[in-house]
Amino acid sequence: MKNVSFAAAVALGLASGVLVGYSALAGGDKVAFPENFDRGTLYATVDRYDNKQYRELYATTAAVDAVRKGQPIPSGTVLTLVQYKAQLDAAGEPLKDANGRFQKGDLVAYTVMEKREGWGTEYKDDIRNGEWEYQAFGPDKKVNDKANLTACFTCHKPHAGQDFVISLAGLKGTPDGAMAKPAPGPGVVSISDFKFGPETVVVSKGQTITWHNTDSSPHQVTITSPKAQRSSIALKGQTTQLTLADAGIYDYICGLHPAMKGKIEVKE
């Protein structure tokens with residue numbers, strides 16, 4: 001089995017884990033638990049500082065082979081996100097191994113996305129994710145009937161350009177690249193441990209803002225007000241930028257991890 005060390009956060013797009021409180025889309029019933037998922041390719045491992053989880057992402061071998069040959073993700077592809085609690089110390093902080101990675105604790109849940117030819121036709125265009133369906137399972141491998149599968153569709157929808165798979169770079173085996181080391185100065189924000197630093201950045205009109213991702217997870221700057229705007233996704237060691245032409249206060253989040261919040265103050 002291939003083991004590609006690609007650090008991704010929410011590779012299946014469930015930014016804060018399996019959400020509850022809404023009715024699930026009926027289409028989730030099409031997705032059965034993938035009993036042999038671990039015979040495929042483990043293409044990502046993730047340390048989630050925001051919810052203290054360790055995660056593994058698996059893909060069917062045919063999907064990895066196709067994508068790494070530059071071909072589209074094939075029908076029959078199954079991507080499986082396995083969520084574990086991180087082991088914690090006496091202070092409630094994640095324990096780390098010799099490589100600085102979280103140590104795997106108790107199994108929490110599985111989230112699965114599956115692609116089949118002809119799937120998705122029952123959805124309206126504003127929610128449909130091509131031919132993908134989603135399902136959430138508890139640690140007992142039984143369907144979590146309280147999971148909000150609609151959130152999966154909503155989270156993946158902006159990523160239509162990469163077949164709705166946020167972790168496509170991981171499937172391709174794209175290397176992390178050299179670690180970005182933010183230089184001090186105006187308009188520079190570091191992303192570390194699922195936090196923006198500084199939380200509020202002050203720039204002038206037309207000045208480019210640069211975010212340096214030093215996390216092992218991908219992040220995407222998403223301005224929520226006064227007008228929605230997204231940056232490109234930055235993997236570990238990469239940067240992403242935005243330039244704002246108008247003065248004002250802009251609130252933003254990470255589009256992949258909405259609990260991460262920041263603010264941009266643009267002056268005249």
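This is a short dialogue on reading the features of a predicted protein model.

Me: Where do I begin with this one, and what should I know about how the values were made?

Reply: Gladly! The model is predicted, so local features need pLDDT of at least 70 and side-chain atom pairs count only at pLDDT 80 or more, while totals for chains, interfaces and linings use all residues. Residues are numbered from 1 along each chain as its sequence is written, and side-chain values use heavy atoms, with hydrogens and water left out.

Me: How many helices and strands are there in the protein?

Reply: Helices (H or I, at least four residues) and strands (E, at least two) are DSSP runs, numbered from the N terminus. Here you will find 3 helices and 14 strands.

Me: How do I read burial, and what percentage of the residues is buried?

Reply: Buried means under 20% relative accessible area, exposed over 50%, and partly exposed in between (1.4 Å probe, protein chains only). Of the 268 residues in the protein, 47% are buried. Accessible areas come from the Shrake-Rupley method with a 1.4 Å probe, and for residues only the protein chains shown count as cover. The accessible surface comes to about 12,500 Å², with 50% belonging to carbon and sulfur atoms.

Me: What do the contacts say about sequence separation?

Reply: Contact means heavy atoms within 4.5 Å. Take the contacts between residues at least 6 apart in sequence: 63% of them join residues at least 24 apart. Lys-30, in the segment before β1 (41–48), gives a good example. Its C-alpha atom is separated by 8.4 Å from that of Gln-135, 105 residues apart along the chain. Leaving aside neighbours within four places in sequence, Lys-30 is in contact with Trp-119, Gly-120, Glu-122 and Glu-133.

Me: Which side chain does the side chain of Lys-30 make a polar contact with?

Reply: A polar contact is a pair of N or O atoms within 3.5 Å; within protein, one must be able to donate a hydrogen and the other to accept it, and residues adjacent in sequence count only if both atoms are side-chain atoms. The side chain of Lys-30 meets that of Glu-122 in this way, at 3.1 Å. Lys-30 counts as partly exposed because its relative accessibility is 36%.

For another case, try Thr-208 in strand β9 (residues 208–213). Its side chain makes a polar contact with the side chain of Thr-243 at 2.9 Å, and Thr-208 is partly exposed because its relative accessibility is 35%.

Me: How should I read the open sheet of 5 strands, and what is its order?

Reply: Two strands pair if DSSP finds at least two bridges between them. The order is β8-β14-β13-β10-β11, with mixed pairing. At the edges are β8 (200–204) and β11 (229–230), each pairing on one side only. β8 runs parallel to β14 (residues 261–267) over 5 bridges, with Val-201 partnered by Ile-264. β13 and β14 run antiparallel, joined by 6 bridges, and form a hairpin with 6 residues between them. On the β10 side, 4 bridges join β10 (residues 221–225) to β13 (residues 248–254) in the antiparallel sense. Tyr-252 helps you trace the sheet: Ile-223 has Tyr-252 as its bridge partner in β13, and Tyr-252 has Gly-262 as its bridge partner in β14.

Me: Which residues have the most contacts inside the largest nonpolar core?

Reply: A nonpolar core is a set of buried Ala, Val, Leu, Ile, Met, Phe, Trp, Tyr and Cys residues joined through side-chain atoms within 4.5 Å. The largest has 24 residues, and those with the most contacts inside it are Tyr-43, Ile-73, Leu-79, Trp-132, Val-165 and Leu-171. A second, separate core of 21 residues includes Cys-155, Ile-166, Val-189 and Cys-254.

Me: How many disulfides does the count come to?

Reply: A disulfide is a covalent bond between the sulfur atoms of two cysteines. The rule used here asks for a pair of cysteine sulfur atoms within 2.5 Å, and the count comes to 0. For Cys-155, the nearest cysteine sulfur is that of Cys-152, 7.9 Å away. The sulfur of Cys-254 is 9.3 Å from the closest cysteine sulfur, in Cys-155, and therefore too far for a bond. Cys-254 is buried because its relative accessibility is 0%.

Me: What about α2: how many of its 8 residues are buried?

Reply: The helix is mostly covered, with 6 of its 8 residues buried, including Leu-149, Phe-153 and His-156. The buried residues of α2 pack against β4 (104–115) and β5. Asn-148 caps the N-terminal end of α2, with a side-chain oxygen 3.2 Å from the backbone nitrogen of Thr-150.
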